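Trainee: Before I trust any labels, can we go through what stands behind them?

Mentor: Sure, let's take them one by one.

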Amino acid sequence: MSWVTVLITYPQKKVPERWQAKLERLDQVIYLPFRVLKAVNLTNQSRSELAHASDLAISSHFAAQVFGQKLRTINSTAVIHVLSQKLVDQLRAAGVQNHIVVSAAENRRSLLASLRLVDPDGLYWLIGNAARKYYDHFPGHKLVVYENTWDAEHQEQACAKLRGQQITDVLVTSPSNYDRYEAVMNQLGADYHSAHYYVLGPGTGQYLTQRGLTVSLPDGHRKVLDQALSQIWQRKEGPQS
């Protein structure tokens, strides 16, 4: 039997409860992040590089979590550049005292633009291993502080969860996230081209558009997750109530 399904490739616990309650009124919602995240143990050389950085750029919540929990004592003077107030709040809650600058919009493109006057020799991006190729053209150094893993066992688990689902709407949070979803759908022999896709920023939107997919981007620069969820709701149920 085929079920009409909305797929959220984002951890359910990070989706606001009010949105979880609203989405439960849709046909069926599956939360499947397509990732397993784990902090890495930095080498002595990497720790030394981090200690001497003048600026740090953080674009993901898990990178902020790793810095706040494991790395903040290595460098408490570097200016930290982030793409949302949520990341500021997360870092402050973890005890980070560094000066923090928030970009004009909640996406990597805006964060990158805000760094145009920063000396790239002293700039370090704190990223996951799977994201390295997407940051290659960014100025500054790339320091992998966590692993974004996905192996054959995880893929089989995802296949089992999505088998028999007629997925009509998909929230995608990153290019690597989409690549893993596509691999699962190909393994299942399932259609993924006719679904409607929602993203949190223009980089991921462009990545999906280049693959011939129908994509909706946030209308504004703030609260992009809320905007994406609202777009799903309006397409499925009409204007938000």
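Mentor: Let's start with burial: buried means under 20% relative accessible area, exposed means over 50%, and partly exposed is in between, with a 1.4 Å probe and protein chains only. Also, this is a predicted model, where local features need pLDDT of at least 70, side-chain atom pairs count only at pLDDT 80 or more, and totals for chains, interfaces and linings use all residues. Residues are numbered from 1 along each chain as its sequence is written, and side-chain values use heavy atoms, with hydrogens and water left out.

Trainee: Why does aspartate 169 count as buried?

Mentor: Its relative accessibility is 0%, and the cut-off is under 20%, so aspartate 169 counts as buried.

Trainee: What makes aspartate 169 and arginine 235 a salt bridge?

Mentor: The rule asks for a side-chain nitrogen of Lys or Arg within 4 Å of a carboxyl oxygen of Asp or Glu. In this pair the closest N and O atoms are 2.7 Å apart, so the rule is met. Aspartate 169 sits in strand E9 (residues 165-171) and arginine 235 in helix H9, 66 residues apart. Helices (H or I, at least four residues) and strands (E, at least two) are DSSP runs, numbered from the N terminus.

Trainee: Why does arginine 235 count as partly exposed?

Mentor: Arginine 235 has 45% relative accessibility, which falls between the two burial cut-offs, so the label is partly exposed.

Trainee: How many salt bridges does the structure hold?

Mentor: Two. Besides the pair we just did, arginine 18 bridges to aspartate 226, with the closest N and O atoms 3.1 Å apart. Arginine 18 is in helix H1 (residues 17-23) and aspartate 226 in helix H9, 208 residues apart. Arginine 18 counts as partly exposed because its relative accessibility is 45%.

Trainee: What makes phenylalanine 62 and tyrosine 146 an edge-to-face pair?

Mentor: Rings of Phe, Tyr and Trp (its six-membered ring) pair if their centres lie within 6.5 Å; planes under 30 degrees apart are stacked, over 60 edge-to-face, and the rest tilted. Here the centres are 5.2 Å apart and the planes stand at 75°, so the pair is edge-to-face. Phenylalanine 62 lies in helix H3 and tyrosine 146 in strand E8, so parts 84 residues apart in sequence are tied together. Both residues are buried.

Trainee: Which residues do ring pairs link into a cluster?

Mentor: Phe34, Trp150, Tyr178, Tyr181 and Tyr197. The count of aromatic pairs comes to ten.

Trainee: How do you know that E3 and E8 pair?

Mentor: Two strands pair if DSSP finds at least two bridges between them. E3 and E8 have four, in the antiparallel sense, so they qualify. One of the residue matches is alanine 39 with tyrosine 146 in E8. E7 and E8 pair over five bridges in the parallel sense, and leucine 126 has leucine 143 in E8 as its bridge partner.

Trainee: What lines the second largest pocket, by class?

Mentor: Five nonpolar residues, one polar and three charged. Ala, Val, Leu, Ile, Met, Phe, Trp, Tyr, Cys and Pro count as nonpolar, Asp, Glu, Lys and Arg as charged, and the others, Gly among them, as polar. The lining includes Pro11, Lys13, Arg35 and Phe62.

Definitions and conventions: On a 1 Å grid over the protein atoms alone, a cavity is a set of points where a 1.4 Å probe fits but cannot get out, and a pocket is an open set with protein on both sides within 12 Å along at least five of seven lines; lining residues have an atom within 4 Å of a point.
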